Amino acid sequence: MDIVLATRNKKKIEEIKRIIVDLPITILSLEDYPDCPEVVEDKDTFEGNAVKKAVEVCRCTGKPALADDSGLEVDALGGAPGVYSARYAPDASGGNDPKNYEKLLLDLKHAPDEQRGARFVCCLALAFPDGGFKTFFGYAPGRIGREPRGKRGFGYDPVFIPKGHGPTFAEMTAEEKDRLSHRGKAIEKLSEFLRSSVVYKQN
Ligand code: IMP
């Protein structure tokens, strides 16, 4: 079965391909469909944005489409930056810009350890040409450190310390991050669905 990944974020594409590798699925990307228009993420929930992206890319390509919407929810900020994680710092050039986590560290400057709780959230949406779709959620609980550490990963990884661990996501190997991450957990649920689903067996 072919699935088109409805994202142009190369880091996300790498992560999803790496985790989904054990399934007989061909992952295509939007690079294979240059005429598909950019989908505007204007919903106020991860689910709303993921479903919108998957449905629009499925409509444009005629193939099952998988979209990811993800972000960081920080307790002391009432769940912000949430769906606005990629654009938290007003002058950030995108989700991988260090300006986002630098603003976060500044906003939490006076927050004591017990108020630095946070979680990454990932919603995956898989849309089918018949109009149907399924969603899969994954969560990674943890806390925000006091300074950036590590060079791997992307986005807020240098300041996120997963629960029960000392290193940040950016100090972990890709495999360690995949085991703990919101995206890894959501992809695991997606994989279970694909393994058992009728759609998968029929193709
Ligand atoms: P979107 O899902 O493309 O709207 O972007 C979500 C944003 O949340 C990313 O651009 C990153 O800033 C952040 N984010 C999502 N997942 C991760 C992750 O695994 N590590 C670090 N930052 C992440």
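The space that the ligand takes up is the largest pocket, so let's start there. Keep in mind that this is a predicted model.

**Around the ligand**

How many residues surround the ligand, and which are the closest? There are 17 in the shell, and the closest are Lys12, Ser70, Asp157, Lys177 and Arg183. Two elements give two or more residues each to this shell, namely β3 (65–74) and α5 (182–196). Of the elements, β3 gives the most, with 4 residues. As for chemistry, the shell splits into 7 charged, 6 polar and 4 nonpolar residues.

Three polar contacts are worth a look. On the backbone side, a polar atom of Ser70 sits 3.0 Å from an oxygen atom of the ligand. Tyr156 also uses its backbone: one of its N or O atoms is 3.1 Å from a ligand nitrogen. With Lys177 it is the side chain that takes part, placing a polar atom 2.8 Å from an oxygen atom of the ligand. Taken on its own, the ligand has 490 Å² of accessible area, and the protein covers 95% of that.

**Residues that bring distant parts of the chain together**

Now for some individual positions, each paired with a residue far away in sequence. The distances here run from C-alpha to C-alpha.

| Pair | Sequence separation | C-alpha distance |
|---|---|---|
| Ile16 and Asp178 | 162 residues | 9.4 Å |
| Ala67 and Thr7 | 60 residues | 6.6 Å |
| Gly79 and Ala118 | 39 residues | 8.1 Å |
| Gly155 and Asp97 | 58 residues | 6.6 Å |

Where does Ile16 sit? Its place is in helix α1, which spans residues 10–19. Ile16 counts as buried because its relative accessibility is 2%, and the cut-off for buried is under 20%. Asp178, its partner in the table, is 162 residues away along the chain, yet the two C-alpha atoms are separated by 9.4 Å.

Ala67 belongs to strand β3, the element that gives the most residues to the ligand shell. Is Ala67 buried or exposed? With 1% relative accessibility, Ala67 counts as buried. Thr7 lies 60 residues away in sequence, with 6.6 Å between its C-alpha atom and that of Ala67.

**Two loops**

The loop between β3 and α3 (98–107) holds Pro81, and Gly79 lies in that loop too. What is the form of the peptide bond from Ala80 to Pro81? That bond is cis, with omega near 0 degrees. Gly79 has a relative accessible area of 24%, so this glycine is partly exposed. Across 39 residues of chain, the C-alpha atom of Gly79 is 8.1 Å from that of Ala118.

Gly155 is found in another stretch, the loop between β5 (133–144) and β6 (160–162). Why does Gly155 count as buried? Its relative accessibility is 10%, and anything under 20% goes into the buried class. Gly155 is 58 residues from Asp97 in sequence, but 6.6 Å from it in space, C-alpha to C-alpha.

Note on methods: Residues numbered from 1 in each chain as written. Predicted model: local features only at pLDDT ≥ 70, side-chain atom pairs only at ≥ 80, totals over all residues. Heavy atoms only, no water. Near = heavy atom within 4 Å. Polar contact = N/O pair within 3.5 Å; in protein donor to acceptor, adjacent residues only side chain to side chain. Areas by Shrake-Rupley, 256 points an atom, 1.4 Å probe, with all protein chains shown as cover. 1 Å grid on protein atoms, 1.4 Å probe; cavity = no way out; pocket = protein on both sides within 12 Å on 5 of 7 lines; lining within 4 Å. Sits in = over half its atoms within 2 Å of the grid points. Nonpolar A, V, L, I, M, F, W, Y, C, P; charged D, E, K, R; others polar. Buried < 20%, exposed > 50% of the residue type's maximum accessible area, 1.4 Å probe, protein only.
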